[in-house]
Amino acid sequence: MDENLVLMKGIDKRFPGVHALDHCQFELRAGEVHALVGENGAGKSTMMKILAGIYAKDAGEILYRGQEVDIHTPKAAQDLGISMIHQELNLMNHLTVAQNIFVGREPRKGVGFWLDEKKLNEQTEQLFERMHLKLDPRMKVTDLTVAKQQMVEIAKALSFNSEVLIMDEPTAALTETEIEDLFNFIRKLRADGVGIVYISHRLEELKQISDRITVMRDGRYIDTLPTAETAIDKIISLMVGRTIYESAPELPEDTDQEIVLEVKNLNRGKTVKDVSFQLRRGEILGFAGLMGAGRTEVARTIFGADRLDSGEIYLHGRLVQITSPRDAVKNGIAYLSEDRKRYGLALGMDVETNIALASFNKFLGALGWVNNAKTRETANHYTDALAIKTPSIQQRVKNLSGGNQQKVVIGKWLTADTEILIFDEPTRGIDVGAKSEIYKLLNDLAQQGKAIIMISSELPEILRMSHRVIAMCEGRITGELPIAEATQEAIMKFATQRNGTSRDNGRSAASSQVGNA
Amino acid sequence: METTTTPKKSFVRSDATQKLLAFGGLIAMFIVFSLASPNFFQFSNIVGILLATAVNGVLALGATFVIITAGIDLSVGTVMTLSAVMTGVFITFLGLPVPIGVMGGLLTGAFAGAINGTVISKMRIPPFIATLGMLYIAKGLSLVISGLKPIYFNDTPSFNQIAMGSVTGAIIPGFDIPNAVLIFFGAAIVAHIILTKTVLGRYTFALGSNEEATRLSGVNVAAWKIAVYTLAGAFAGLGGVIIASRLNSAQPALGAGYELDAIAAVVIGGTSLSGGEGTILGTVIGAFIISVLTNGLRILSVPQEWQIVITGGIVILAVYADTLRRRRQ
């Protein structure tokens, strides 16, 4: 009666400060596509990384074909026939496509020490033929587009002839046709009896491809449902669990606010191509796009963290030269990195110091002494104003939750009197409840007259928060939509528009060609 | 516009440019020094340059592997000395036959390298620290074992012939290229083959390109890293045998600073310290650039202390050229 290929029971996992998985379960049959859904931080990836031998579980058991197994290394998982395609690309950029796919399993000749490069490339070609993938096995991975790199990852996982294939957001960077190819391949694998775990945020996709859906939320198992009999609305309500986004953004009444920031024909290497846009006072401008679309690079260039090759930046109509983050901060621009622990905070220091960090000049007294009374006053002010939940402002930032850490970063930049705030994935890694607080904060900031750029890979977030949406693909701005016209479909269409000649209007299309000549 | 998926362009750009640049620099130096002094382009002087390159070149071959894995080996200089001393112990103190003594020297180096690799991959000590420790250990052991005195090979004249004899001179009279140089070229060919044709070479690049991805692919990362450092140690051992043979003695106080020359040769040759790319040919050219520079400046009567200053400038220039190239990509 046990038709399960994989059965995971009572899985528990803690990371420092987070109970990532609380008594979770999951089952997978041979020949099914089993979707795993949940909001960011729900524990989907953690659960699957345990199955793939990347994380060790703290408690619980895994049965594989009815036998209890101990999967403590990725190799052990592969030996059992379990492969995982990771969300973040895990490739060796300096090696060729074929070398990447068969790393660790290179065909040998002679005494077993010699590489058989010819056979390696042949095997890869055969694999690609089966996948209907047109790609030269001898190309270096670094020269491929993100989408092609993703296909290499998928090819690699498939090359193990796995019985269990875990795909973590495999379509995040793929075009419609590539997705269709992938789905056909998944269906073929399913017919061959492979069990496939499919993690995705795109619920329409799950409807197309999956047989069952398991929902997780906040590190807990919620339910497993047959796809055919379940409405998308039902899945969403299970994922979200409670109403979290109470407040829709209040759109600005008048659209002729002053233009605070204007960027003209910004270029940087391969990643930023002829980017032009305007940002108004009191506006939240959403930047949508797939992985590697160049949104973060645009932000870093404006912020002076990366040097621009060409282009102009105007603040209040005045041309400015920003060649370092220091220039940007002086001009009232703040950049809140998606990786706030690395780039946004001094984790080991307290809330007060972090809030004062970007503007110590304001707190200096005679002889360069720091005026502690003033920093304390400021820190207390923002702790209250932003509702930062901390026992005291002497608390070390590393002990705060993700949402409160994000607020500390915001407080830091407000202290520095910035008027343009660039948020890069502002709610990444922040738990569901705290998200709505960050959203409210963004709204408040916009209403106070700050100009905000919000880079986000989550379309619902873009749609919920932005007054205007810009979509990017492969370094170019491919579309701009007022929020009234923005839908997930419309944005995705722009976000996957490859080799696009920039925007709809002819002017920038023409100049982009000049820029590339 | 569709150029992103055509391979040709990138191949030329990424690997060959730095090598061409380095090779061009080497040729330019030859021309400049030849014009500046009639003594430079003489057979005896060229042989002198080749001989001066042999030891540093062999050390740099091993260092190339380590640096491609994004690691560093600071111990190659003193491990070379320890290997020389152990060769002296085997041959002079214990009176073992020369081939066995040579083998002992090579194994000493390989053993020290294996310890480096184990400390790095099992104890998770950063390569800089682990090999810095080995630098001191090997230096200290050389002094302890030798009793602070040089060990001479006066009883075994054949040992001196390993580096200073000339196989080519025996075949073509007058064409006396010392064996040390031939050993270096032979070692370079072996290193090139290991790096490009074998599993060890493949994992050397894979580790340097993305160690985590390599681990997740089921490769035994620790074992291969130990293998890479062992190989670097074996090359240091070979360097020890060559230098002992050349000097007809094992000098226990020698060796400090050799690791830096080796790293400089590797870096000038276009191997990236951030890992994932590098070539043996580049390293060989890099090693020659350093000795041509030293030799040429000496012929031009530039004081030795200034030669060192100029070498430093060349290292920085070479890496700057590489950085510019990378940034343009």
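## A walk through chains A and B

Start by colouring chain A by domain: domain 1 takes 1-81 + 162-242, domain 2 takes 88-159, domain 3 takes 259-332 + 419-516 and domain 4 takes 347-417. These bounds come from an automatic or database domain assignment. What you have open is a predicted model, in which local features need pLDDT of at least 70 and side-chain atom pairs count only at pLDDT 80 or more, while totals for chains, interfaces and linings use all residues. For your selections, residues are numbered from 1 along each chain as its sequence is written, and chains are lettered from A and ligands numbered from 1 in the order in which they are written.

**Stop 1: domains 1 and 2 of chain A**

Select domain 1 and domain 2 of chain A; their C-alpha centres lie 26 Å apart. Now pick out the contacts between them: 10 residues of domain 1 of chain A touch 7 residues of domain 2 of chain A. Two residues are in contact if their C-beta atoms, placed from the backbone, lie within 7 Å. Which helix gives the most to the domain 1 side? That's α6 of chain A, residues 176-191, with 4 residues. Colour this side of domain 1 by residue class and you get 6 nonpolar, 2 polar and 2 charged. Here Ala, Val, Leu, Ile, Met, Phe, Trp, Tyr, Cys and Pro count as nonpolar, Asp, Glu, Lys and Arg as charged, and the others, Gly among them, as polar.

**Stop 2: a run of parallel strands in chain A**

Next, select strand β20 of chain A, residues 451-455. Helices (H or I, at least four residues) and strands (E, at least two) are DSSP runs, numbered from the N terminus. Is β20(A) mostly covered or mostly exposed? Covered: 5 of its 5 residues are buried. A residue is buried if 20 or more other C-beta atoms lie within 10 Å of its own, exposed if 12 or fewer, and partly exposed in between, with C-beta atoms placed from the backbone. Show the side chains: A:A451, A:I453 and A:I455 point one way, A:I452 and A:M454 the other.

Now add the neighbours of β20(A). Strand β15 of chain A (residues 284-289) runs parallel to β20(A), joined by 4 bridges; look for A:G286 opposite A:M454. Strand β19 of chain A (residues 420-424) is also parallel to β20(A), with 5 bridges. Two strands pair if DSSP finds at least two bridges between them. To follow the register, find A:I420 opposite A:A451, then A:I422 with its bridge partner A:I453.

Stay on β19(A), where 5 of 5 residues are buried. A:I420, A:I422 and A:D424 sit on one side, with A:L421 and A:F423 on the other. Strand β18 of chain A (residues 333-336) pairs with β19(A) in the parallel sense over 4 bridges, and A:A334 stands opposite A:L421.

**Stop 3: where A meets B**

Bring chain B into view and select the contacts: 26 residues of chain A meet 23 residues of chain B. On the chain A side, α2 (74-80) and β8 (114-115) each supply at least two residues. Of these, α2(A) gives the most, with 3 residues. The chain A side as a whole divides into 10 nonpolar, 8 polar and 8 charged residues.

**Stop 4: chain B**

Hide chain A for a moment. Chain B has 14 helices and 2 strands, and its C-alpha atoms fill a box of roughly 70 × 55 × 40 Å along the principal axes. Its radius of gyration is 20 Å, which agrees with the value near 20 Å for a compact globule of 329 residues. (That radius is taken over C-alpha atoms, and the globule rule is 2.2 Å times the number of residues to the power 0.38.) Buried residues make up 50% of chain B. Of the contacts with a separation of 6 or more, 77% link residues 24 or more positions apart.

Select helix α13 of chain B, residues 280-299: its end C-alpha atoms are 29 Å apart, in agreement with the 28 Å expected for 20 residues. That expected span is 1.5 Å times one less than the number of residues. In α13(B), 16 of the 20 residues are buried. Just after this helix, B:S301 takes a positive phi of about 65°.

Last pick: B:T196, in helix α8 of chain B (residues 179-197). B:T196 counts as partly exposed because it has 14 C-beta neighbours inside 10 Å. Draw a distance to B:A70, 126 residues away along the chain, and the C-alpha atoms come out 17 Å apart.
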